[in-house]
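Trainee: Could we go through this model together? I'd like to see how each label is earned.

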Amino acid sequence: MAKVKEIFFVVSALLLLAACTSNTILKKPDNLIPKDQMVDLITDLLLAEGGKNIRNIDMERQTNYYPLVFEKYNIDSAQFMESNYYYTSRIDDYDEILAAVELRLKGWNEEYNLLRKQQDSIRKMKLDSVKKSREAPKKRRTTGEAMEQ
């Protein structure tokens with residue numbers, strides 16, 4: 001009886017595992033966006049999403065930048081949705097696309113942090129030099145006064 005339960009459990013687990021994997025690979029759309037362009041597109045869409053809560057030049061928030069991204073790549077949202085749906089059915093391809101997007105965003109973030117650090121150090125040097133220039137006349141006055149006495 002224990003052996004039957006064991007076999008039943010293994011078979012059930014295998015069936016469950018097989019049911020969870022997607023064997024559905026969609027037909028390639030006629031207007032499929034190439035992988036390298038999908039990387040660019042998804043990167044820009046993520047940046048557009050992040051920009052929603054930042055005020056634009058007109059001091060407005062919650063601006064929808066998606067239409068501008070689609071216009072930049074000369075596509076419409078339907079073409080993006082079809083291509084995105086196709087790539088999600090091909091998980092290995094979609095993983096490659098998302099890994100490239102993540103790598104690009106991390107690279108930009110590192111560049112930004114480096115630039116910001118450089119600008120902060122330049123700003124600190126300027127403040128230090130201003131501070132020193134303000135202190136220099138005081139030192140001259142006190143040393144000049146001491147020499148006169």
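Mentor: Happily; we'll take one helix and then the core.
Mentor: This is a predicted model, where local features need pLDDT of at least 70, side-chain atom pairs count only at pLDDT 80 or more, and totals for chains, interfaces and linings use all residues. Residues are numbered from 1 along each chain as its sequence is written, and side-chain values use heavy atoms, leaving out hydrogens and water.

Trainee: Why does the span of helix H4 agree with what it should be?
Mentor: Helices are DSSP runs (H or I, at least four residues), numbered from the N terminus. The expected span is 1.5 Å times one less than the number of residues. Helix H4 has 13 residues (77-89), so it should span 18 Å, and its end C-alpha atoms are 18 Å apart.

Trainee: Why is Ser83 called buried?
Mentor: Buried means under 20% relative accessible area, exposed over 50%, and partly exposed in between (1.4 Å probe, protein chains only). Ser83 has 0%, so it is buried. Ser77, also in H4, has 41%, so Ser77 is partly exposed.

Trainee: What does Ser83 touch?
Mentor: Contact means heavy atoms within 4.5 Å. Not counting residues up to four places away in sequence, Ser83 touches Asn31, Leu32, Ile33 and Met38.

Trainee: What makes a nonpolar core?
Mentor: Buried Ala, Val, Leu, Ile, Met, Phe, Trp, Tyr and Cys residues joined through side-chain atoms within 4.5 Å. The largest one has 18 residues; Met38, Leu41, Ile42, Ile75, Phe80 and Tyr87 touch the most other members. Its largest share, six residues, comes from H2.

How values were computed:
Helix = DSSP H or I, 4+ residues; strand = E, 2+ residues; numbered from the N terminus.
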